[in-house]
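Colleague: I would like to learn how to read disulfides and strand pairing from a model. Please take the features in turn.

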Amino acid sequence: MNHLPRLARCGLMLAVTALLSACASQAVTPPQGSRAAAIDVPAIQRPDGETPQWWFRNGAAQAVQASAQANARGQKAKNVIVFLGDGMSIPTIAAAHVYAGQRKGVDGESYRLSFEQFPFSALSRTYETDQQTPDSAGTMTAIMTGVKTRGGFIGVSQVPRRQDCAASKGQELVTTLELAAAAGMSTGAITTTRITHATPAATYGHLPERNWEVDAELTPEAKAQGCKDFAAQLVDFPAIDGLTVAMGGGRTEFMPAGETDPEYANKVGQRLDGRDLIAEWRAKHPGGAYVWNDKQLKALDLAHTPRLLGLFEPSHMNFEHERAKDKAGEPSLAEMTASAIEVLKQNPNGFFLMVEGGRIDHALHAGNAYRALDETAAFADAVSAALAHTDPADTLIVVTADHSHTMTFAGYPKRGNGILDVVKGHTDSYDEEGGAGMARDAAGKPYTTLGFANGPGYTGASNRQPEGSKRYPHNPSEYEHISKGRPDLSKVDTTDPDYMQESIVPLKAETHGGEDVAVFANGPGAQAFHGEIEQNAIFHVIVQHSPLIRAELCKLGSCNADGVPVDRPAYQAWLKQVNTPAVKQ
């Protein structure tokens with residue numbers, strides 16, 4: 001297209017953009033000559049017309065159109081891996097590849113993380129049905145079910161009110177992982193957060209409240225109405241035989257109240273119902289392996305391990321920066337990924353795996369760029385591990401984020417400037433030797449390349465730390481009192497791992513951002529990821545290129561005459577079907 005005049009190129013780009021966005025409000029007509037069938041998506045009067053069924057059909061329409069434009073509909077994926085960098089905004093990716101390159105002693109600006117080398121990419125719109133800036137629950141539900149929903153909802157449509165357990169019955173949404181399990185594929189979910197946290201829970205759970213991770217957190221009304229916490233849902237997974245692999249943190253949520261944690265004498269189980277879910281899992285899967293430290297994981301013969309449950313911390317796993325200091329030892333996300341694939345690939349039907357770099361989000365909320373970039377680099381290492389243990393000819397790998405954050409990458413630092421350093425090399429600032437020196441603000445003070453629009457890095461005084469630069473970790477209750485003033489960073493080591501970047505607005509925790517996030521794809525069907533899509537369309541692209549998952553959806557009449565899933569299946573009806581004796585045999 002470069003040979004076209006500039007105005008012609010712009011006109012063509014505008015036309016393509018218009019075509020891509022058309023499916024958001026009207027029926028989709030595929031390009032002439034395409035074999036893809038048109039999917040009727042009725043026009044809506046926002047917001048009342050945005051029903052769960054409308055979102056499902058809308059996502060299917062986008063996937064069909066994208067596949068037709070990329071000639072990718074005929075490609076088939078035996079295995080699917082979804083990598084979710086929680087909160088991994090585009091500025092985070094950009095800063096992380098500079099960080100990773102500089103850490104290796106190479107040019108950081110041109111360095112590419114593993115997934116940045118994928119041949120296909122897109123942008124994903126992350127808003128939820130009730131929020132411009134979303135949370136992890138509703139966004140991951142969209143990715144896993146093909147239906148956008150409210151903030152705080154996991155595996156449930158937008159229809160009920162939050163925490164209304166009774167009203168959520170019948171509004172559950174079937175997930176990709178559940179479909180894969182029912183189709184006879186192996187399944188897995190691994191994370192650096194608690195395995196019951198929002199992102200991993202959205203692969204197997206269904207509740208109108210993301211915080212119901214353990215029964216102690218359920219309201220009396222929710223318990224009376226039959227809602228079950230996410231830890232119990234994981235072990236009681238109703239579709240066929242449950243998750244093949246589950247690894248992450250959150251150990252005490254599976255332990256009965258009062259039972260001492262095997263690693264920390266001051267940590268005890270949280271369950272008030274008396275259930276020992278770890279013991280129940282072992283009884284349910286007598287040939288499986290339960291591990292709680294790195295040494296136990298490394299001792300397994302993974303190629304002959306049929307099931308694997310790994311719970312490596314009482315709560316979230318350690319940040320990568322602190323992982324080596326863990327007394328019992330924790331595996332890295334890359335090691336968990338490689339281990340999970342070795343277990344999952346035993347199934348000739350293939351597998352579905354979700355891998356979350358969950359602590360990227362936590363570091364950003366804490367206003368600590370170092371840990372956020374370090375976690376992103378570790379996440380990229382996990383993608384490399386997946387590439388090394390799979391065949392790109394039969395494995396679709398999708399890397400994306402659920403939402404963004406407010407970290408900024410700004411100023412005019414010179415090429416090669418340390419990504420965590422103050423801005424140096426600004427053309428309007430010179431040091432005593434006449435060379436380019438530190439850039440300075442209007443008050444004459446240096447500033448860093450990375451900063452935050454809001455969060456705990458506000459430099460005014462609090463009741464815990466004095467006015468000036470803040471240190472990680474901060475106490476969430478610190479910001480009861482603030483005062484004005486920016487610190488002089490000329491004598492501050494902003495590259496220290498515990499330095500907290502400045503924020504403009506003082507908050508106890510930095511918030512998410514509302515802009516689009518990136519999608520990177522490799523393998524069968526990856527070409528369908530291009531342009532700008534709604535986040536729920538990710539599910540539909542995956543389903544339309546995974547034959548076994550698509551066939552499972554079609555069993556309940558969810559597909560049109562062309563075999564494209566366009567009708568959201570009723571969860572309870574689907575569950576009844578997959579758990580019949582005939583299917584289980």
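Modeller: Start with the definition: a disulfide is a pair of cysteine sulfur atoms within 2.5 Å. This is a predicted model, in which local features need pLDDT of at least 70, side-chain atom pairs count only at pLDDT 80 or more, and totals for chains, interfaces and linings use all residues. Residues are numbered from 1 along each chain as its sequence is written, and side-chain values use heavy atoms, with hydrogens and water left out.

Colleague: How many disulfides does the rule give?

Modeller: The count is 2 disulfides. Cys 554 and Cys 559 form one, with sulfur atoms 1.8 Å apart. Cys 165 and Cys 227 are also joined, at an S to S distance of 2.1 Å. With the bonded cysteines numbered in sequence order, the pairing reads 1-2, 3-4.

Colleague: Which parts does the pair Cys 165 and Cys 227 tie together?

Modeller: Helices (H or I, at least four residues) and strands (E, at least two) are DSSP runs, numbered from the N terminus. Cys 165 belongs to helix 5 (residues 165–168) and Cys 227 to the loop between helix 8 (220–224) and helix 9 (230–235), so the disulfide links parts 62 residues apart in sequence.

Colleague: Is each disulfide right-handed or left-handed?

Modeller: The torsion about the S-S bond decides that here. For Cys 165 and Cys 227 it is about 110°, so this disulfide is right-handed. For Cys 554 and Cys 559 the torsion is about -85°, so that one is left-handed.

Colleague: Which of these cysteines are buried, and which are partly exposed?

Modeller: Buried means under 20% relative accessible area, exposed over 50%, and partly exposed in between (1.4 Å probe, protein chains only). Cys 165 has a relative accessible area of 0% and is buried; Cys 227, at 9%, is buried too. In the other disulfide, Cys 559 is buried at 18%, whereas Cys 554 is partly exposed at 26%.

Colleague: How many residues of strand 1 are buried?

Modeller: In strand 1 (residues 79–85), 7 of the 7 residues are buried, so the strand is largely enclosed by the rest of the structure. Both faces are covered: Asn 79, Ile 81, Phe 83 and Gly 85 lie on one side, with Val 80, Val 82 and Leu 84 on the other.

Colleague: Which strands pair with strand 1?

Modeller: Two strands pair if DSSP finds at least two bridges between them. Strand 1 pairs in the parallel sense with strand 8 (residues 395–400) over 6 bridges, and Ile 81 stands opposite Ile 397 there. Strand 1 also pairs with strand 7 (residues 351–357), again parallel and over 6 bridges; in that pairing Val 82 stands opposite Met 354.
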